[in-house]
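Here are some friendly notes to read with the model open beside you. Take the points one at a time and find each place as you go.

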Amino acid sequence: MHNLKITDVRANPGDSAFLIDDGKTAILYDSGFAFTGYAVADNIKATLGERVLDYIFLTHSHYDHALGSVYAKKYWPGAKVVAGEYAAKIFAKPTARAVMRDLDRKFAETCGTREYEDLIDELAVDIPVNDGDTIVAGYMQFTVVALPGHTKCSIGFYLPANKLLLSSETLGVYGGDGIIVPSYLVGYEMALSSMEKAEALDIENILLPHYGVLGKEETAAYLGGAKRSAVETAEAIAKILKNGGTKEDAMAYFRDKFYHGYVKVIYPIDAMELNTGIMVGLIQREFGID
């Protein structure tokens with residue numbers, strides 16, 4: 001990655017927040033929780049010094065990725081928030097913000113934080129984008145890649161000059177040591193198509209939410225491994241349901257397989273339980289299980 005520095009600026013392991021800097025332009029890739037928003041901004045400031053944050057790229061509309069953007073904007077009002085057009089519509093919905101607020105507060109309390117400034121109603125997108133759009137950020141030129149499956153609004157950002165993909169959770173959540181947690185919440189087949197789309201790009205490195213950058217060999221292994229994990233997990237859950245198992249049985253299988261080690265550190269239990277239940281229902285529908 002010539003002339004590109006990527007820094008982990010998370011304040012909590014569950015945050016997803018990385019700073020991408022080519023020396024001229026600084027981009028925050030995802031922004032973390034609301035309750036860690038100012039702490040993430042402090043980490044960015046410690047890295048940039050007197051320089052400004054220019055852009056905030058959001059991969060999708062979930063609270064652990066998007067809410068910190070509002071707090072970063074308090075430090076750098078000129079920073080432009082870039083997210084999918086569909087995500088921008090979600091942020092505008094009071095009901096969606098209420099869900100994000102509730103999940104953020106629950107995890108904040110788990111982490112021992114009970115009081116923090118609530119700026120969630122200020123959540124907004126400055127530059128809504130769609131698949132194939134180009135974002136010119138200083139010397140960097142990104143192509144927006146729609147990667148639906150985790151959410152309808154999930155996107156990635158591809159930097160051809162560096163053969164780098166800023167990924168989304170549609171391609172899985174990496175737990176290290178080859179553990180890739182599937183995370184398709186709106187479409188299983190949709191997610192597989194997005195994985196194939198990512199594999200077709202000329203990529204040597206991938207920046208994964210909640211984890212960081214993988215090297216060339218790791219990236220090649222990851223892309224194939226993500227699809228394999230997605231398929232094997234879906235087929236195992238479908239088998240449990242077809243054999244008379246309950247939704248709770250399928251969720252227990254998923255939890256036993258994935259919810260340990262680093263995954264347990266970065267994945268709030270409330271969100272994990274909510275997402276796993278959604279995934280099981282999705283697989284039941286797409287596999288045509290009564």
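1. A few terms will help before we start. An axis is a line fitted to C-alpha atoms, for helices over the stretch in contact, and angles run from 0 to 180 degrees between N-to-C directions. Helices (H or I, at least four residues) and strands (E, at least two) are DSSP runs, numbered from the N terminus. Two packed helices are described by the angle between their axes and the distance between the axes.

2. Now for where the numbers come from. This is a predicted model, in which local features need pLDDT of at least 70 and side-chain atom pairs count only at pLDDT 80 or more, while totals for chains, interfaces and linings use all residues. Residues are numbered from 1 along each chain as its sequence is written, and side-chain values use heavy atoms, with hydrogens and water left out.

3. Let us begin with helix α7, residues 216-242. With 27 residues at 1.5 Å a residue, α7 should span 39 Å, and its end C-alpha atoms are indeed 39 Å apart. The expected span is 1.5 Å times one less than the number of residues. Many positions to look for here are buried, meaning under 20% relative accessible area (exposed is over 50%, partly exposed in between, with a 1.4 Å probe and protein chains only). The buried residues of α7 include Thr 219, Tyr 222, Leu 223, Gly 225 and Ala 226. Just after the helix, Gly 244 takes a positive phi of about 95°.

4. How do α7 and α8 pack? Their angle is about 145°, and their axes are 9 Å apart. The crossing is right-handed; a crossing is left-handed if the near helix is turned anticlockwise from the far one by less than a right angle, and right-handed if clockwise. From α7, the contact uses Ser 229, Glu 232, Thr 233, Ala 236, Ile 237, Ile 240 and Leu 241, and from α8 the partners include Lys 247, Asp 249, Ala 250 and Tyr 253. Contact here means heavy atoms within 4.5 Å. By class, this contact of α7 with α8 has eight nonpolar, two polar and four charged residues. For these classes, Ala, Val, Leu, Ile, Met, Phe, Trp, Tyr, Cys and Pro count as nonpolar, Asp, Glu, Lys and Arg as charged, and the others, Gly among them, as polar.

5. Helix α8 (residues 247-258) also packs with helix α10 (residues 269-286), at an angle of about 120° and with axes 10 Å apart. That angle makes α8 oblique to α10: under 35 degrees counts as roughly parallel, over 145 as roughly antiparallel, 65 to 115 as roughly perpendicular and the rest as oblique. The crossing of α8 past α10 is right-handed. Lys 247, Ala 250, Met 251, Phe 254 and Arg 255 of α8 meet residues of α10, among them Met 272, Glu 273 and Thr 276. The residues of this contact divide into six nonpolar, two polar and three charged.

6. On to helix α6 (residues 188-199): its axis and that of α7 come within 10 Å and cross at roughly 165°. So α6 is roughly antiparallel to α7. This crossing is left-handed. By class, the contact of α6 with α7 has nine nonpolar, one polar and three charged residues.

7. Helix α3 (residues 68-75) has five residues to find: Gly 68, Ser 69, Val 70, Tyr 71 and Ala 72 are buried. Their cover includes β3 (26-29), α1 (37-48), β4 (55-57), α2 (63-66) and β5 (80-84). Is Ser 69 buried or exposed? Ser 69 counts as buried, at 2% relative accessibility. Leaving out residues up to four places away in sequence, Ser 69 touches Ser 31, Ile 56, Leu 58, Val 81 and Leu 123.

8. Two loop residues deserve a look at their backbone. Most residues other than glycine have a negative phi. Lys 163, in the loop between β9 (155-159) and β10, has a positive phi of about 50° although it is not a glycine. His 210, in the loop between β13 (205-208) and β14 (212-214), has a positive phi near 70°. Lys 163 is partly exposed, with a relative accessible area of 29%, whereas His 210 is buried at 3%.
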